[in-house]
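Me: Please take a close look at one part of this structure, the helix that comes up first below, and follow its contacts outward into the rest of the chain. A plain account will do.

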Amino acid sequence: MPSTRPRTSVVLLVLVLAGALVTSGLAGPALAASATAASGGTTATSADQVELAPRLDSATTTNAAVAPPDDRPANTSTEDTVGYVDGYWYDDELPVDNQTDAVVDDDLEPVVYRAMARVEVLRNQTFKEGVAVDVVSRETYRQTNDERFENYTTAERVEQNIGYEALFMVGRDTTAVNATKTVYGGAVKGYYDPETDEIVIVSENPETPALDELTLGHELVHALQDQRFNLTELNGSTQDATLATKGLIEGDASWVEREYERRCGVTWDCLTPRSAGGSSQFDVNWGIYFAIYQPYSDGPDYIDSLRQQGEGWSAVNAAYDEPPATTSAVIHPGSEREPANVSVPDRSSDGWRQLTVNGEVANDTIGEAGMVAMFAADAMTQDQPSVLDGTDLDVLGGGRGFNYDHTVTDGWAGDKLVIYTAAEIDNATDPADAAGQAGYVWRTEWQSTEDTGEFLEGYRELLANHDAEPVAGRQNTFVIDDGGYSGAYYLERNGTTATIVRAPSVAALSNVDAGAAPEATSGFGVTAAVGVIAVALFGTGVWLAVGRRR
């Protein structure tokens, strides 16, 4: 995440995110709460309704920071004095306070230095050096953002589409790279780039870009993190591990930002930019958005849980040496939630094989947050049923963030998704079309058999929402005939393990994974077979045995 350059390792969903986004702030639930959902995009009612992050009330935040003493030391320095940066104290008054016009270059430096001092007070840690800050228009940012997506190979783009299609987020009417690009192009409010040590604030005022002090404060936390903990070293190897690490990084920044906001207008005078007014267009893919927003939503509570383990920020600082390993650990603060080791042996045949990109097998761990996003991807789409709807997500809960704790996913213990391709799509140039011809095996591990059943029940509902029909004469096999997710799906349950196999056709399922989609048990007709499948998927302890061995 912290790097602006794509990584060379094969990571299905994180690859795009790593190349597209440095440590940044995203527009939060207020965007979703005020949005008019539409399949082609979303309109926010006004720019000032798009928050950088949800505001969380927390009993531990109001008196959390260690403020500088009233008797300020005579000998001060930026690196050694909390609340003082290059001649400016955290509570200094500036001529631009409460100003609604854009801050010109001559006034920008004092605002940045005072904001740095304020972040020091809240975070009880000093900066080692200054931070460059630039304010750009949304259009300028989009141009820069688009450039970050230009260097992906065809194989990488195919990989992205298959991975996102497996989560029912990106169908065959678009490409995953473009879908991700538009999310960031419309939702990012600012970012810090560790490679250049620069903060860029994105303004909605195209003529006179204005500085938002809260956004500045959020990004300054990232600069402080980089100076103290070296953000370039904090990279997860999977989607789940990367989002978990961001739970620490973005949770820290969002926690400080919200405390910053509490003090603005109460104990601090702050810079308040004028809203651009009118409406802003957002091409939001909600599945992708829900996935990447999880660290911002759950991260602050995770930081609270760390702060309760020790005095002040000591436990948070220590966490940078050993970040959370799974999004489950961030969603459920205080839990261990180390990932189970899940293996997917290659059992393909007849020209099918595991996809390799840059010499490595294309596989990823989706994690609990990614699964929640999968089940919620349709929640903001008109006329499309969703496993998790707006009530489940609590998008109208006063800007308090999204709810990522659900029975359908909260028993997650581990997973691995492996992509398979056949010879005819090796040279495909259209990633979306190639995804339709590909296959995958997604094996998931759960904490209990009940958790396994709840996940499969939710997944079967997801298939039904996309018009899947059971296949006569086949066990636990379904087909989606039309649309962006057409293909054959086989579901298997073995104790606490659930396996999903997808292929372009029923006949190809067993070529992707030997033994998939076996013939129905003798004596069951079409109606009876459908009834058994329903019991297996929705019952609490019954599953149709298929006799496969590991």
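Reply: The part to start from is helix H3, residues 105-123, which contains Val111. This is a predicted model. Val111 counts as buried because its relative accessibility is 0%, and buried means under 20%. Its C-alpha atom is separated by 8.2 Å from that of Leu271, a residue 160 positions away along the chain.

Arg118 also lies in H3, and Glu213 lies in helix H7. Their side chains form a salt bridge, with N to O at 2.8 Å. The pair therefore ties together parts that are 95 residues apart in sequence. Both Glu213 and Arg118 are buried.

A second salt bridge joins Glu165 and Arg502, and here the closest N and O atoms are 3.9 Å apart. Glu165 belongs to helix H5 (residues 154-166) and Arg502 to strand E18 (residues 497-503), so this pair links parts of the chain 337 residues apart. Glu165 is buried, because its relative accessibility is 4%. Arg502 is buried as well, with a relative accessible area of 0%.

A third bridge connects the side chains of Arg347 and Asp513, at 3.2 Å from N to O. Arg347 sits in the loop between helix H11 (327-331) and strand E9 (353-354), and Asp513 in the loop between helix H16 (506-512) and helix H17 (526-538), so the two tie together parts 166 residues apart in sequence. The partners differ in exposure: Arg347 is partly exposed at 24% relative accessible area, while Asp513 is buried at 1%. Back at the pair from H3 and H7, salt bridges that share partners join Asp97, Arg114, Arg118 and Glu213 into one network. The structure holds 11 salt bridges.

H7 covers residues 213-229, and the loop between it and helix H8 (239-263) holds Asn230. Asn230 is not a glycine, yet has a positive phi of about 60°. With a relative accessible area of 32%, Asn230 is partly exposed.

Another residue with a positive phi, Asp467, comes just after helix H15, and the angle there is about 65°. Asp467 is not a glycine either. The residue lies in the loop between H15 and strand E15 (469-470), and its relative accessibility of 59% makes it exposed.

H15 itself runs over residues 449-465; its 17 residues should span 24 Å at 1.5 Å a residue, and the end C-alpha atoms are 24 Å apart, which agrees. Among its buried residues are Phe455, Leu456, Tyr459, Leu462 and Leu463. In an α-helix there are 3.6 residues a turn, so residues three or four places apart point the same way. The buried set of H15 also includes Asp451, Arg460 and Asn465.

Beyond E15, the loop leading to strand E16 (477-480) contains Gln475. Gln475 counts as buried because its relative accessibility is 7%. Its C-alpha atom is separated by 4.8 Å from that of Ala520, 45 residues away along the chain.

At the surface, Glu79, Asp80, Glu129 and Asp197 form a negative patch. Asp197 is placed in the loop between strand E6 (188-193) and strand E7 (198-203). Its 35% relative accessibility makes Asp197 partly exposed.

Terms used: Residues numbered from 1 in each chain as written. Predicted model: local features only at pLDDT ≥ 70, side-chain atom pairs only at ≥ 80, totals over all residues. Heavy atoms only, no water. Patch = residues over 30% accessible without salt bridge, like charges linked within 9 Å, V, L, I, M, F, W, Y side chains within 5 Å. Areas by Shrake-Rupley, 256 points an atom, 1.4 Å probe, with all protein chains shown as cover. Salt bridge = Lys/Arg side-chain N within 4 Å of Asp/Glu carboxyl O. Lys, Arg positive; Asp, Glu negative; His and termini not counted. Charge placed at Lys NZ, Arg CZ, Asp CG, Glu CD. Helix = DSSP H or I, 4+ residues; strand = E, 2+ residues; numbered from the N terminus. Buried < 20%, exposed > 50% of the residue type's maximum accessible area, 1.4 Å probe, protein only. Expected span 1.5 Å × (residues − 1).
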